[in-house]
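Reader: I am new to this one. Please show me the structure, then take my questions.

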Protein chains: 2
Amino acid sequence: MKKDYAVVGKSVRRLDAMEKAMGKATFTTDIKLPGMLYGKVLRSPHPHARIVKIDTSKAEALPGVKAVATYLNTPRVKFNTSATSTFTIPPLQPVEDQYIFDSVVRYVGDEVAAVAAVSKSIAQEALGLIEVEYELLPTVFDPLEAMKDDAPVIHESEAGKNIPGEKIHIEMGDVEKGFNEADYVFEHTFKLPVQKQAQMETQAAVAQVAVDGKVTVWSTTQTPHPSRRILATIFGIPYSKVRVLNPPYIGGGFGVRIGLSAKAEPIALALAMLAKQPVKVVYDRKEDFIASDTRHAGYVTVKTGVNKDGTFNARKITAILNSGAYCSWSAEAPGVLGAMGLSIYYCPNQLYDGHSVYTNTTPAGAMRGFGNPQAMFAVDSQVDIIAESLSMDPLELRRKNMMRTGQPWVLPYPCLSSGLEECMDRGAKEIGWERRTKLSKDGTKRRGMGMAIGTHVSNAWPFCGDYSNAYVTVQQDGSVHVASGVPDMGTGTMTTLSQMAAEILGVTIDQVGITIADTESTPFEIGSHASRTCYASGTAVVAAAQDARKQVVEYAGKMLNVNPDELDIEEGIIYSTLNEEIRVPLGTVAIEAHLHGLQFIGVGKIIPQNAPPYLAHFAEVEVDTETGKVSIIKLVAAHDVGKAIHPIIVEGQLEGGLAMGVGYALSEEIKYDSKGKQLNDGFHKYMLPTAMDIPEMKAIIVEAEDPTGPFGAKGVGETGLVATAAAIANAVYEAIGIRFFEIPLTEERVYKALKERK
Amino acid sequence: MKKDYAVVGKSVRRLDAMEKAMGKATFTTDIKLPGMLYGKVLRSPHPHARIVKIDTSKAEALPGVKAVATYLNTPRVKFNTSATSTFTIPPLQPVEDQYIFDSVVRYVGDEVAAVAAVSKSIAQEALGLIEVEYELLPTVFDPLEAMKDDAPVIHESEAGKNIPGEKIHIEMGDVEKGFNEADYVFEHTFKLPVQKQAQMETQAAVAQVAVDGKVTVWSTTQTPHPSRRILATIFGIPYSKVRVLNPPYIGGGFGVRIGLSAKAEPIALALAMLAKQPVKVVYDRKEDFIASDTRHAGYVTVKTGVNKDGTFNARKITAILNSGAYCSWSAEAPGVLGAMGLSIYYCPNQLYDGHSVYTNTTPAGAMRGFGNPQAMFAVDSQVDIIAESLSMDPLELRRKNMMRTGQPWVLPYPCLSSGLEECMDRGAKEIGWERRTKLSKDGTKRRGMGMAIGTHVSNAWPFCGDYSNAYVTVQQDGSVHVASGVPDMGTGTMTTLSQMAAEILGVTIDQVGITIADTESTPFEIGSHASRTCYASGTAVVAAAQDARKQVVEYAGKMLNVNPDELDIEEGIIYSTLNEEIRVPLGTVAIEAHLHGLQFIGVGKIIPQNAPPYLAHFAEVEVDTETGKVSIIKLVAAHDVGKAIHPIIVEGQLEGGLAMGVGYALSEEIKYDSKGKQLNDGFHKYMLPTAMDIPEMKAIIVEAEDPTGPFGAKGVGETGLVATAAAIANAVYEAIGIRFFEIPLTEERVYKALKERK
């Protein structure tokens with residue numbers, strides 16, 4: 001592809017900008033249908049219990065109540081809210097351990113029943129009239145405890161006590177030999193907290209069942225096509241009779257609705273079928289916290305064998321993650337943790353063992369980074385320990401060991417491009433790395449500087465099924481329409497995909513219309529996850545646009561009596577690259593084709609490759625030794641994004657990720673009381689960083705174009721927080737000399753550590 | 001194609017049956033959007049006038065009024081509501097003679113202004129506050145008068161005084177020589193009335209403009225893609241930013257909204273743009289009558305040279321049709337009149353001259369039959385005159401002269417199949433043709449039997465641009481999704497197209513989902529007109545399904561390690577025709593493909609051929625000589641439909657057409673007073689036949705499969721009334737011996753004729 005792009009690489013006005021700025025964008029909660037009811041969910045107050053008896057008669061008798069759903073009158077078909085049925089490819093088998101409602105509840109917040117009523121308040125009132133008799137069952141909350149022989153069984157499992165799916169094992173070289181040959185061996189265990197996606201829009205769905213049984217569900221899902229599959233399977237309907245779509249906007253996701261929006265869709269649909277009226281289910285913030293996936297908490301142990309010159313010779317990572325009460329993505333997250341943790345540095349002998357463990361807590365699932373932030377907090381905290389031990393500059397130790405293109409790694413695809421070293425160099429320059437050893441260590445405000453690096457994926461291939469299709473059609477005026485099943489969670493996907501189609505077909509961005517996230521209007525598309533929308537959905541759009549373009553230039557070649565190969569398109573004009581007198585508007589060719597009964601219809605069917613984005617994060621912090629408060633002075637994030645299709649969107653992704661990384665590092669954590677109840681189930685209790693907490697941030701875009709990506713692009717949706725916590729923790733160590741093996745670095749934790757040291 | 005179909009040919013439950021039976025089907029009038037306003041239109045009370053001054057200030061000041069649109073604040077872009085811009089192919093040029101609003105009004109009902117307000121009543125009240133000063137212009141109402149030199153000019157025209165488009169001339173052989181050589185020459189002129197489509201749902205549209213300018217219009221159009229083109233052109237928006245769709249149901253059409261729904265769409269859109277709120281415009285029944293296209297009235301002269309043995313040796317048809325105030329389809333209708341009138345009988349020497357003429361009456365456009373009922377009333381009335389003159393049985397005279405496959409005709413495509421003779425024979429048998437000469441002629445109730453024959457088209461190719469595209473995708477469970485831009489006006493198109501896809505892909509009908517009539521979800525499709533949806537849209541769906549099927553069997557062949565050519569699919573099972581042990585469900589293949597990143601996506605891109613359906617209509621009538629009332633005792637309609645994909649749908653089409661033909665023959669006519677005002681502008685004044693007026697009807701399906709049609713099917717949407725009026729008039733002649741050269745045969749007209757004869 002040529003490099004002087006007309007639309008790609010330009011920060012055109014986002015296609016969603018006007019509607020959002022004007023408050024006119026439609027989200028699921030805005031959907032209102034004639035006769036629509038409101039659904040509310042009764043949730044378990046117990047972390048583990050059997051429902052001995054459930055009496056819904058009083059609730060059903062309440063005027064305005066139209067349906068009450070329990071495990072007794074809804075399908076008994078197992079599924080996994082996270083759509084692993086669609087993603088998992090043999091030999092792996094999807095773990096399906098959920099029902100809409102079950103006779104056993106396994107965490108505080110688990111679904112017991114739901115009511116549809118003419119108003120939210122009546123539905124809420126009816127919940128209180130449902131009488132449930134529980135038999136309490138023994139509980140376990142910690143994954144290490146849950147693996148013990150005497151722990152209660154939460155789900156039967158073949159892989160081991162309370163272990164969902166299969167244990168992950170990754171190996172390269174001979175790790176024992178590597179440790180034996182190494183001059184030094186370092187081993188540390190890190191503990192990771194429960195982080196919450198805290199997306200702005202809570203889980204929501206509106207379900208409508210036509211009298212002939214056809215189903216339409218508007219929802220906040222990140223993956224309409226896979227979600228359709230779950231719903232069709234649960235309710236036994238042909239997929240072609242189920243339509244799942246975004247409305248089209250979603251207020252964020254960060255992985256929390258890859259697959260269903262928790263259980264908003266099946267509950268709304270079950271109620272709609274019972275009531276024979278449309279039903280809207282919108283989780284309140286508390287429900288979103290307690291009954292919607294979180295990031296995996298757990299334990300990561302890193303053991304590294306190092307030669308005297310700093311070269312890594314062997315590395316072993318082990319991880320135990322807390323799955324919570326259901327599997328969700330718990331079979332997959334440990335795999336990404338291991339694969340990413342092992343792939344940022346070259347090391348000839350590597351080994352990873354990891355898995356999740358069921359406990360009686362809120363299920364953990366996908367969250368931006370998907371295991372990688374856990375891995376990199378551990379790995380890159382230890383790298384700084386090693387650097388100090390060897391008296392090396394952490395930057396130089398990383399430079400010595402960092403993965404380079406062509407080096408062997410554990411990933412099942414090649415690394416064809418890397419801007420990692422450029423990221424380190426430009427990031428170091430921006431933060432002023434040379435100041436690192438000169439920062440103030442006097443008084444009660446101590447400054448430190450730290451860094452960390454990372455990589456990630458551009459989609460889930462070949463770990464999971466991951467493919468995209470798209471249509472790109474040329475209209476009779478030469479304008480272009482794109483149809484892709486991928487959602488735009490606020491990440492600018494609509495704009496980015498439209499730019500790609502515009503670039504390929506040589507039209508301006510205002511000539512492109514786009515339909516997204518609707519199973520009825522688009523071919524199969526796995527959806528928005530794994531940093532894939534630009535890279536993978538984009539590749540499908542590019543393929544479809546190229547298919548249409550080929551038809552256009554062939555037709556134009558015949559019209560103009562020239563070889564199609566000499567034709568190019570720019571700003572809507574098809575012209576000969578050999579004869580400047582040969583020029584014709586694309587619209588003229590389109591209408592001429594129309595007059596001959598032809599539309600240019602491009603179909604893109606692709607299985608993406610994969611490409612590693614790279615990043616280097618640098619943090620300067622100030623620790624108040626009197627209070628334990630960590631203030632971030634500046635964050636620098638240099639990212640190899642392959643190619644920034646829309647630089648402002650890319651910067652937005654990076655900055656958003658950094659903010660989330662700041663929360664992960666310093667303040668965000670869901671804790672449970674001794675009875676399995678969340679202590680931080682709302683925005684007033686869960687300490688998201690606010691605008692006041694966000695430091696000066698500098699996102700640096702490095703473009704090491706990848707030959708597999710559209711226009712060279714790589715995934716950028718998750719990288720922003722992969723290494724942030726490690727960089728901050730390393731900076732805190734530099735400031736106060738205390739190494740933390742657990743995050744977040746709250747004032748309480750830092751203060752306590754300072755006090756203990758004294 | 002094999003003949004033992006599993007789904008095709010079966011009257012499966014219609015896909016729209018449940019929703020319509022339960023009152024749950026959504027039509028345009030059911031659309032309600034947040035903040036939606038109601039639009040009302042001010043219409044001209046004068047048949048021809050110049051607007052000297054228009055003052056909307058009082059209307060704008062009325063509380064609740066949000067916008068007032070006139071020619072002063074709406075786009076001055078010419079168009080043709082009938083979408084001829086999309087249909088017309090060179091060398092013909094579309095006639096575009098309309099604005100949303102103009103400074104000259106040309107018929108009573110012409111659009112002067114429109115108001116959008118928060119309620120219908122406020123909008124209506126505001127209309128009364130618009131002050132318009134008119135300068136009256138001279139008028140003309142009859143097409144023959146309008147061609148005269150001293151007639152007022154309604155539109156400038158190159159083809160002749162007040163003649164829209166070009167005059168149609170068709171010629172074969174040497175007609176003058178033919179007349180000279182003939183033994184007898186017959187010449188008669190017939191006068192045709194204004195018939196109204198009288199579809200149940202009046203013209204309607206809801207327009208919404210997003211804050212970023214993207215437009216969505218739900219409407220009653222029969223052609224979403226061409227309508228989108230008109231709207232995009234008028235308002236200067238890229239086509240890809242305009243979405244036009246049915247909601248998805250339409251309450252009939254019969255041609256009245258090929259293109260726009262009168263001006264409901266552009267008026268709603270203009271108001272929505274001015275008001276910055278969604279606007280709904282629903283014509284009331286009176287508006288639908290006075291300001292929405294009608295069938296063409298006019299004069300048809302038939303001159304036939306006949307040999308002594310009854311062989312037709314020369315035929316000349318001339319037609320002058322009343323276009324009304326704007327062109328609409330008036331450039332095309334005379335062509336179909338001539339082409340069809342000349343093509344039902346073989347005649348070596350033929351000539352046709354015809355055109356329309358502007359007058360100051362409601363525009364005439366497309367209506368079921370599109371010129372053909374006018375032609376056949378004239379042609380087949382005269383055939384009976386000839387038969388009587390030669391003392392021949394009209395059936396035998398028709399048999400002698402009827403068109404047979406392989407004979408030369410004026411149409412630009414071959415006749416590859418004909419069930420005409422079978423239609424005549426089976427129809428004659430059903431009505432009891434042998435009783436014809438023995439019917440009672442005594443007393444005041446006189447019986448007679450008559451017949452007439454006809455042909456029509458299966459789409460508009462190659463007279464107009466006419467092509468279809470479709471997507472057919474296989475879902476991961478083996479169910480099938482069809483996407484076609486064609487509407488279902490109530491004619492069962494959704495069902496018929498789904499049956500075709502089911503048949504090709506070997507699944508049951510309940511496995512097929514379908515999306516129709518939405519420019520955003522479907523590739524270009526010209527729409528529902530010219531009896532084409534089954535034949536032409538069906539051909540595109542079949543092509544797409546075959547494309548998908550090819551992918552399926554190729555994939556299955558690899559899976560099963562057999563030659564794909566030996567595989568067939570039935571009831572969702574792919575099996576080897578050579579080895580009965582080789583069987584695999586389609587769903588298994590679909591999910592296997594999914595696991596390898598593949599969906600079967602079929603694209604159908606077709607330009608249809610054309611095929612002549614044939615028909616023979618037989619009527620037995622009873623005329624009350626004391627009152628002039630014509631009662632139909634029985635109607636028999638034998639139709640060569642090629643292949644009845646869904647027999648009950650086909651019968652429904654035929655019976656519906658017959659009922660419309662009964663109205664054309666006996667009661668329906670719009671008349672004007674001397675000032676150009678319709679005298680029959682509502683259902684209480686316009687005499688549609690009611691259930692009480694409909695006789696016993698027998699639709700006979702003859703299946704002379706056409707090699708160009710999907711499964712052999714031909715168009716059947718319009719044929720039901722092609723010959724009905726002629727058959728009835730011939731029966732009336734047989735009953736009372738009076739030949740009518742003008743319809744409808746109202747009691748008044750028949751009584752008057754009986755009285756005159758006395």
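**Where chain B meets chain A**

Author: First, the polar side of the contact: 29 residue pairs, both at pLDDT 80 or more, are in polar contact between chain B and chain A. A polar contact is a pair of N or O atoms within 3.5 Å; within protein, one must be able to donate a hydrogen and the other to accept it, and residues adjacent in sequence count only if both atoms are side-chain atoms. This is a predicted model: local features need pLDDT of at least 70, side-chain atom pairs count only at pLDDT 80 or more, and totals for chains, interfaces and linings use all residues. Residues are numbered from 1 along each chain as written, chains are lettered from A and ligands numbered from 1 in written order, and side-chain values use heavy atoms, without hydrogens and water.

Reader: Which element gives the most to the side of chain B that touches chain A?

Author: Helices (H or I, at least four residues) and strands (E, at least two) are DSSP runs, numbered from the N terminus. Among those giving two or more residues are helix H7 (224-235) and strand E17 (468-474) of chain B. With four residues, the top giver is E19(B).

Reader: Why is B:Cys464 not bonded to the closest cysteine sulfur?

Author: A disulfide needs two cysteine sulfur atoms within 2.5 Å. B:Cys464 is buried (under 20% relative accessible area, 1.4 Å probe, protein chains only; exposed is over 50%, partly exposed in between), at 9%. The closest cysteine sulfur, in B:Cys327, is too far for a bond, at 12 Å.
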